[in-house]
Amino acid sequence: IWEMGAEPYAHRFIRFARAMKEKDPSIKVIAEGGRTTDQAWNRTLLGIAGADMDYLDLHNYYGNRNYLRSMAEPLKYEQLLERLKNDIATLAPGRDIKIGVLEWNANSNWQSASTLKEGLFAAAWLNVLERQSDIVEMSIPWPLIRRVQPHGNHVADHGLIWHDNHRVYLSPTGLAVQLYHRNYAPERVKSTVECDTFDAGDRKNVPYLDLVATRDPDKRTLIL
């Protein structure tokens with residue numbers, strides 16, 4: 001898709017979307033967004049095909065060996081989502097287009113996803129998606145399963161579930177997703193954080209603590 005350019009893709013998407021909805025008006029169609037932070041693609045797509053799309057699909061794979069930059073990246077991506085909200089309102093007025101981040105994960109330059117860094121990235125990433133849940137309706141980490149590779153193998157090891165001939169176990173990202181699932185609550189509670197901050201590249205004053213608060217009124221439970 002990305003090889004053909006945003007404008008020809010947008011026109012082709014319109015033809016497919018209208019043909020499918022002519023057969024079944026109840027279906028929801030997903031348009032492919034730009035790679036990671038490619039806002040030019042997204043704006044072109046929204047301007048041409050916004051009236052025909054229900055979802056915009058984003059992919060994000062972050063690979064960096066720097067610990068602090070990896071911790072700051074989810075908040076940087078949150079700013080992208082905020083800008084994308086404004087772009088949708090401006091370029092596709094009246095359309096309730098939602099976002100699906102249908103591929104995401106992190107590693108160290110495609111070689112390692114087996115450290116605490118990847119687990120903390122995933123936890124902060126899930127917090128961002130929770131805070132942006134008014135527009136982000138779907139999220140899928142990828143891949144689900146990955147065979148453990150020999151040391152030095154170029155194949156990325158960033159699956160949620162790892163296995164070899166003897167074991168099956170969760171990666172750091174898989175553990176973060178599991179913790180989030182087990183501590184789900186249906187209502188988000190407004191929360192703020194005051195703590196020390198750090199700088200990481202172009203990201204300044206990043207808080208050391210990232211927080212989302214949710215509650216389950218039936219269980220009288222508050223989850224931080």
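**Glu73, a nonpolar patch and the core**

Colleague: Which residues does Glu73 touch, not counting those up to four places away in sequence?

Modeller: Contact means heavy atoms within 4.5 Å, and Glu73 makes it with Tyr62 and Phe121. Bear in mind that this is a predicted model, where local features need pLDDT of at least 70 and side-chain atom pairs 80 or more, while totals for chains, interfaces and linings use all residues. Residues are numbered from 1 along each chain, and side-chain values use heavy atoms, without hydrogens and water. So, with contact defined that way, the partners are Tyr62 and Phe121.

Colleague: How far from Glu73 is the nearest side chain of opposite charge?

Modeller: Glu73 sits in helix H3 (67–91), a DSSP run of H or I with at least four residues. Glu73 is buried (under 20% relative accessible area, 1.4 Å probe, protein chains only). Glu73 has no salt bridge (Lys or Arg side-chain nitrogen within 4 Å of an Asp or Glu carboxyl oxygen). With Lys and Arg counted as positive, Asp and Glu as negative, and His and chain ends left out, the nearest opposite charge is Lys76, at 4.7 Å.

Colleague: Is Tyr208 buried or exposed?

Modeller: Tyr208 lies in the loop between E10 (203–207) and E11 (213–216), strands being DSSP E runs of at least two residues. With a relative accessible area of 56%, against a cut-off of over 50%, Tyr208 is exposed.

Colleague: Which element gives the most to the largest nonpolar core?

Modeller: This core (buried Ala, Val, Leu, Ile, Met, Phe, Trp, Tyr and Cys joined through side-chain atoms within 4.5 Å) has 42 residues, including Phe13 and Leu45. With eight residues, the element that gives the most is H3.
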